[in-house]
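Work through the exercises below with the model in view, trying each task before reading its solution.

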Amino acid sequence: MALQVEVTQPKVTRRLSARPRRSRRTPALRALVRETRLHPSMFIAPLFVRPGRGVREPIVSLPGVERLSPDEAAREAQRLARLGVGGVILFGLPDTKDAFGTEASASDGIVQVAIERIRDLGLPLVLVADTCLCEYTDHGHCGPLAADLSVDNDAALERLAETAVAQARAGADVVAPSAMMDGQVGAIRTALNDSGYDQTLVMAYASKAASSFYGPFREAADSAPAFGDRRGYQMDPANGREALREMALDVEEGADILLVKPALPSLDLVAAAHDRFELPVAAYQVSGEYAMIAAAGERGWVDRRAVLTESVTSIARAGADIVITYGAGELAGWLQEGS
Ligand code: PBG
């Protein structure tokens with residue numbers, strides 16, 4: 001027996017006044033009511049700089065990202081500026097490593113050399129230097145070690161302050177302390193002011209988790225700890241209220257921008273940072289977040305462009321004014337095309 005389908009006019013629902021789908025009917029309507037719009041000027045692109053000339057070295061776990069010699073970093077900065085990207089953040093692979101991370105603060109240290117190169121081009125790009133020691137210490141931790149092999153917080157503060165001053169002297173507009181040492185923002189602010197760099201901003205990695213999403217970065221920057229892990233200084237990813245305390249301390253110590261990291265796993269913290277504090281909020285879509293999208297994209301399991309765009313849009317929707325992402329150049333290109 002054939003199934004009898006009775007089509008009735010749904011009189012009650014026809015009287016519905018609230019119909020959210022009305023605003024989704026055409027692309028033009030959807031564009032009109034869109035709450036979150038990405039713009040290239042809100043992106044910061046990470047650059048890994050290494051010694052040499054004319055060197056572009058692919059990073060296996062970060063497809064599309066390369067280690068660059070200073071001349072190539074300058075070319076890349078030029079390309080990103082043409083795309084309208086807001087800024088670059090530099091990480092260094094030094095010639096030599098030692099117990100104190102001496103090259104981090106050397107006037108001819110790799111990041112300082114690259115910043116000077118880029119600065120001399122006079123590009124409309126904000127130059128950010130990541131201020132940490134793990135890429136420069138032979139043990140791979142973010143500060144000098146104490147006798148018990150923990151990181152000596154206050155010895156690290158001195159080294160971080162010296163590093164920030166060297167970066168500012170080279171031309172960094174912004175220094176971004178990422179070592180998660182207590183008091184690092186205050187120590188850096190004081191040192192910058194005392195050295196005549198009162199116009200250099202501090203973007204504080206205020207809430208930085210001891211995250212497993214940093215794996216590809218540590219390969220890229222050769223900065224994996226030689227022993228142990230970073231849980232004695234980076235935050236437990238399980239703690240949200242403690243993250244707010246870290247942010248409040250950084251605000252008190254004079255931070256200009258609050259950074260939350262990683263991004264997608266911490267959207268609650270991005271939203272809280274935006275609600276509670278009046279400072280601009282940045283979020284770092286870290287290496288593991290990017291690598292997962294890149295890998296699934298390569299396999300055809302997700303659409304790389306759509307997923308990168310959606311993830312960065314979600315980070316912005318949560319409250320990030322600034323997004324550090326390995327997809328910065330690509331996203332800016334797509335926005336120029338008018339995606
Ligand atoms: C330096 C630093 C790290 C990242 C940014 N700054 C590595 C770490 O803390 O181990 C990670 C960025 C990324 O994964 O993309 N301390």
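A residue counts as buried when its relative accessible area is under 20%, as exposed when that area is over 50%, and as partly exposed in between, with a 1.4 Å probe and protein chains only. The model is predicted, so that local features need pLDDT of at least 70 and side-chain atom pairs count only at pLDDT 80 or more, while totals for chains, interfaces and linings use all residues. Residues are numbered from 1 along each chain as its sequence is written, and side-chain values use heavy atoms, with hydrogens and water left out.

**Exercise 1. Describe the chain as a whole.**

Step 1. Begin with the secondary structure, where helices (DSSP runs of H or I, at least four residues) and strands (runs of E, at least two) are numbered from the N terminus; the chain has 12 helices and 10 strands.

Step 2. Turn to the radius of gyration, which is taken over C-alpha atoms and compared with a globule rule of 2.2 Å times the number of residues to the power 0.38. The chain has a value of 22 Å, close to the 20 Å that the rule gives for 339 residues, so it is as compact as a globular protein of that length.

Step 3. Apply the burial cut-offs: of the 339 residues in the chain, 51% are buried.

Step 4. Consider contacts, meaning heavy atoms within 4.5 Å. Among the contacts in the chain with a separation of 6 or more, 72% are between residues 24 or more positions apart.

**Exercise 2. Place Arg-119 and find what surrounds it.**

Step 1. Arg-119 belongs to helix α4, which covers residues 110-119, and its relative accessibility of 39% makes it partly exposed.

Step 2. Apart from residues up to four places away in sequence, Arg-119 touches Leu-127, Arg-169, Ala-170 and Gly-171. Gly-171 is 52 residues from Arg-119 along the chain, yet their C-alpha atoms are separated by 6.3 Å.

Step 3. A polar atom of the Arg-119 side chain lies 3.0 Å from the backbone oxygen of Ala-170.

**Exercise 3. Decide whether Ser-211 is buried or exposed, and trace its contacts.**

Step 1. Locate Ser-211 in the loop that runs between β7 (201-208) and α7 (215-221).

Step 2. The relative accessible area of Ser-211 is 10%, and therefore this residue is buried.

Step 3. The side chain of Ser-211 reaches the backbone nitrogen of Phe-213 at 2.9 Å. With neighbours within four places in sequence set aside, Ser-211 is in contact with Gln-234 and Pro-262.

Note on methods:
Polar contact = N/O pair within 3.5 Å; in protein donor to acceptor, adjacent residues only side chain to side chain.
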